[in-house]
Amino acid sequence: MDVTELKKSPYDRYRYIVLALILFGIMFAWLVATLVVRNQRESLAERAGTIAATINESEIQPLTASEADIGTPAYEDLKQSMQRIKVANQDVRFVYAFVLQGNDIVFLGDSEDPDSEDYSAPGDVYYEATPALRSIFRTKQTVVEGPETDRWGTWVSGLAPVLSADGEDVVAVVGLDVDADDYFIALVSYASIPVLLALIMIVLALGGQRLRKKDEELFATKFRFLSIASHELRSPLAGIAWGAESVLENKSLHEKERTMIALIRDAARYMSETVADILTTSRMEGGASKKLLREVVDVAQLVRDAATTLSLNAAKDDITLRFDRDFPQHLPYPCDKDKMRRIFSNVISNALKYSNPKSEVLISYGRDKDGYVFLVTDHGIGIPEAEQKKIFSTYYRATNAERHVAQGTGMGLYFTKQLVELHGGRMWFESKENEGTTMHVFFPDMKQA
Ligand code: ADP
């Protein structure tokens, strides 16, 4: 993987998510605000309408809308009922009734105590009457208006007509005032819920983005470190193995020297393989190595070559490697040669490594309608049933394998399976502890790969 690509990789997705969340917040806040406004206005209209409906023309008729009304039973009744309505509607600041006198809208009464500075006496002209308020005397329609400012403050008002007994005339208009500040506070607090939600989601999304960025930077560093370390280690290790091999060709070596140098060679080879495993695994994790360089390869020959190289080492334990009679001489198959070699080297070397001394490893082959299966069967330690599920995960080594051979990284099977799957194939096994293992590697016909 190109590390610079990682650095450049932009998080456009997160930008879109944040943008979408902002839009979502604005739209939702607007929707909530609209609904709250509608709800509040409907509620005011409804309450004004209900109050107006409870007042009879006969209760109003004795009133003259002048100071002369003060102290009359009709005025006192009206005043008391307005005060009760105000107490029952906590959000309402004023309750009042108007009548039309000539061209003036005048107070018939209000909910305020006569001692209060907000009190309006019957007959006081309401100079701030809006056209909407005036229109009620004509249209008989309930109106919600505001925010409107008058000498007492700024209000949102519900105004409803009190009709004559025959329903023909508007004898008065009843009004309820809600403080515009309270009205806006309610509106803003409801509308801020979706904005807050969107903000929380944006913070979470940005947090996720930062974590991912950190993760990728960390991965890039790890990958760079592993690549450098592996490359730097591989050449000297190959040199040591090659040097030891050359020394071993010297026929005059003593037996003890020969054994020591063979040990050096084997250790260098093992370390070289381990380093290669580390490199391949980190590449697989990074998404590199996921490209196949397909070419037509004689897979049968490739398996034979891998087996021959590996069997040299196994001979010392009297482990023999045998090909089944039906194993093909040639098998051309379009695949990635290097990756294919790693697949078979790994499976065969595991079979040899975990075999019992003086046993046989058999390599066989089967053809079915969908593709080719290679089988590698050993008579070795097997894989304990309880651990079989974990065998293909990274760095896992079965307990009996650890006892049998100390050396091993537990990475081989993980990336072997990845490489097989990259070719469109599958890998599975049958195994019985202390009896042996058969590893199956399946590759599909190319048209299905
Ligand atoms: P290792 O480096 O330990 O061999 P692998 O990834 O190649 O790592 O294999 C993972 C584990 O699977 C081994 O440690 C071993 O427990 C088990 N295993 C793989 N192949 C065989 C086999 N042929 N026989 C018994 N156990 C096997």
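In strand 10, leucine 375 is the bridge partner of serine 364. That pair is a good place to start a tour of this predicted model. From there we can move through one open sheet of 5 strands, visit another open sheet of 5 strands, look at the shell around the ligand, and finish at leucine 204 in helix 6.

**The mixed sheet**

- Strand 9 (residues 360–368) and strand 10 (residues 371–378) pair in the antiparallel sense, and 7 bridges link them.
- These two strands, 9 and 10, make a hairpin, with 2 residues between them.
- Strand 9 also pairs with strand 7 (residues 320–323), this time in the parallel sense and over 4 bridges.
- Two places to look along that parallel pairing are leucine 321, which stands opposite valine 361 in strand 9, and arginine 322, which stands opposite leucine 362 in strand 9.
- Taken together, the open sheet has 5 strands in the order 7-9-10-12-11, and its pairing is mixed.
- Its edge strands are strand 7 and strand 11 (426–432), each of which pairs on one side only.
- From one strand to the next, the twist of this sheet averages 15 degrees.
- As background, strands of a sheet pair through backbone hydrogen bonds, and they do so either parallel or antiparallel.

**The antiparallel sheet**

- Here 5 strands form an open sheet in the order 2-1-5-4-3, with antiparallel pairing.
- At the edges sit strand 2 (104–110) and strand 3 (143–150), and each of them pairs on one side only.
- The twist in this sheet averages 35 degrees from one strand to the next.
- Strand 1 (residues 92–101) runs antiparallel to strand 2, and 6 bridges join the two.
- To find your way along strand 2, look for glycine 109, which has alanine 97 standing opposite.

**The ligand and its shell**

- There are 21 residues around the ligand, and those that come nearest are Asn350, Tyr354, Arg397, Ala398 and Leu413.
- By character, the shell divides into 10 nonpolar residues, 8 polar ones and 3 charged ones.
- Helix 9 (337–353) and helix 11 (412–422) each supply at least two residues of this shell.
- Helix 9 gives the most, with 4 residues.
- The side chain of asparagine 350 has an N or O atom that is 2.9 Å from an oxygen atom of the ligand.
- At alanine 398, a polar backbone atom is 2.9 Å from an oxygen atom of the ligand.
- At leucine 413, a polar backbone atom is 2.7 Å from an oxygen atom of the ligand.
- On its own, the ligand has 530 Å² of accessible area, and the protein covers 97% of that.

**Leucine 204**

- Leucine 204 lies in helix 6, which spans residues 180–248.
- Is leucine 204 buried or exposed? Leucine 204 counts as exposed because its relative accessible area is 60%, and the cut-off for exposed is over 50%.
- Along the chain, leucine 204 and valine 18 are 186 residues apart, and their C-alpha atoms are separated by 9.9 Å.

Technical notes: Residues numbered from 1 in each chain as written. Predicted model: local features only at pLDDT ≥ 70, side-chain atom pairs only at ≥ 80, totals over all residues. Heavy atoms only, no water. Buried < 20%, exposed > 50% of the residue type's maximum accessible area, 1.4 Å probe, protein only. Near = heavy atom within 4 Å. Polar contact = N/O pair within 3.5 Å; in protein donor to acceptor, adjacent residues only side chain to side chain. Areas by Shrake-Rupley, 256 points an atom, 1.4 Å probe, with all protein chains shown as cover. Nonpolar A, V, L, I, M, F, W, Y, C, P; charged D, E, K, R; others polar. Pairing = 2+ DSSP bridges. Axes fitted to C-alpha atoms, helices over the stretch in contact; angles between N-to-C directions.
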